[in-house]
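Thanks for coming, everyone. I have one structure to show today, and I'll take it step by step. Please have a look at it first.

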Amino acid sequence: MVRAGVWDTMDRIVIRDLLLRCVIGTNAWEREVKQDVVLTVVLHADLRRAGASDALADTVNYRTVAKRIIEHVEASQYHLVEALAEAVAGLCLAEPHVTRVEVTVEKPGALRFARSVGVTVLRERSAP
């Protein structure tokens, strides 16, 4: 378990603006066509060992994480962006080095006069 206040100094890996397409929404027409979603994922992990060793085994393989996210999102059919964000957070926390994750899912064009609308969820690994 991480002490309060330590999150501010935790190392991060950022996957920014991952543009994907999936079925998302509650309206009938939204259930028939894939729409754009934009994800930003911040993986919190202690990267000191990887920085010292220069070994992939000591860090989060962000390419593997991104591939899992892409496969899941593009095959998904959620009604709510909240549910999609929750699922992506769970995928990320399954990675051994990830202790906390911040997932933002945006739906461009969902609101008139707004570039996008979205949600951000923060989840952390539970203590054993």
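I'll start with the whole chain, then go to the sheet, one helix and a few single residues.

First, a caution. This is a predicted model. Please keep that in mind throughout.

Now the overall picture. The protein chain has 128 residues, and 38% of them are buried. Its C-alpha trace spans about 50 × 30 × 30 Å along the principal axes. How many helices and strands are there in the protein chain? There are 3 helices and 5 strands. Walk along the sequence and the pattern reads β-β-α-α-β-α-β-β.

What about contacts? Take those in the chain with a separation of 6 or more. Of these, 61% join residues 24 or more positions apart.

Next, the surface. About 7,900 Å² of the protein chain is exposed. Carbon and sulfur atoms supply 52% of that area. As for charge, we have 17 positive and 17 negative side chains. The centres of the two sets lie 1 Å apart.

On to the sheet. In which order do the strands of the sheet stand? The order is β3-β1-β2-β4-β5. The sheet is open, has 5 strands and shows mixed pairing. Look at the edges, where β3 and β5 stand. Each of these has a single partner strand, so one side of each has no neighbour in the sheet.

A quick reminder on pairing. Strands of a sheet pair through backbone hydrogen bonds, and the sense is either parallel or antiparallel.

Here we can see both. β1 and β2 run antiparallel, paired over 9 bridges. One example is Leu19, whose bridge partner in β2 is Val38. β1 and β3 pair in the parallel sense, over 2 bridges. On that side of the story, Ile24 stands opposite Tyr78 in β3.

Stay in the sheet and find Glu102. It lies in strand β4. Is Glu102 buried or partly exposed? Its relative accessibility is 26%, so Glu102 counts as partly exposed. Leave out residues up to four places away in sequence, and Glu102 touches Thr40, Val41, Val42, Thr120, Val121 and Leu122. Take Val41 from that list. Glu102 and Val41 are 61 residues apart in sequence. In space, their C-alpha atoms are 5.7 Å apart.

Now helix α3. It covers residues 81-93, which is 13 residues. From its first C-alpha to its last, α3 reaches 18 Å, close to the 18 Å expected at 1.5 Å a residue.

Which residues of α3 are buried? They are Val81, Leu84, Ala85, Ala87, Val88, Ala89, Cys92 and Leu93. There is a general point to recall when reading that list. An α-helix has 3.6 residues a turn, so residues three or four places apart point the same way.

And what covers the buried residues of α3? The cover includes strands β1 (12-24), β2 (35-44), β3 (77-78), β4 (100-108) and β5 (116-124). Helix α2 (62-75) is also part of it.

Let's zoom in on one residue of this helix, Val88. Why does Val88 count as buried? Its relative accessibility is 0%, and the cut-off for buried is under 20%. Which residues is Val88 in contact with, beyond its neighbours within four places in sequence? The answer is Leu39, Val41, Ile69, Val73 and Val103. So Val41 comes up again: it is in contact with Val88, and Glu102 touches it too. One distance to add: the C-alpha atoms of Val88 and Val121 are separated by 9.8 Å, with their positions 33 residues apart along the chain.Last, two residues with backbone angles to check. Asp17 is not a glycine, yet its phi is positive, about 55 degrees. This residue lies in strand β1. At 47% relative accessibility, Asp17 counts as partly exposed.

Phe113 is the other one. Its phi is also positive, about 75 degrees, and it is not a glycine either. Where does Phe113 lie? It lies in the loop between β4 and β5. With 79% relative accessibility, Phe113 counts as exposed.

That's my tour. Over to you for questions.

Note on methods
Residues are numbered from 1 along each chain as its sequence is written. This is a predicted model: local features need pLDDT of at least 70, side-chain atom pairs count only at pLDDT 80 or more; totals for chains, interfaces and linings use all residues. Side-chain values use heavy atoms; hydrogens and water are left out. Helices (H or I, at least four residues) and strands (E, at least two) are DSSP runs, numbered from the N terminus. The expected span of a helix is 1.5 Å times one less than its number of residues. Buried means under 20% relative accessible area, exposed over 50%, partly exposed in between (1.4 Å probe, protein chains only). Contact means heavy atoms within 4.5 Å. Accessible areas come from the Shrake-Rupley method with a 1.4 Å probe; for residues, only the protein chains shown count as cover. Lys and Arg count as positive and Asp and Glu as negative; His and the chain ends are not counted. The place of a charge is taken as NZ of Lys, CZ of Arg, CG of Asp or CD of Glu. Two strands pair if DSSP finds at least two bridges between them.
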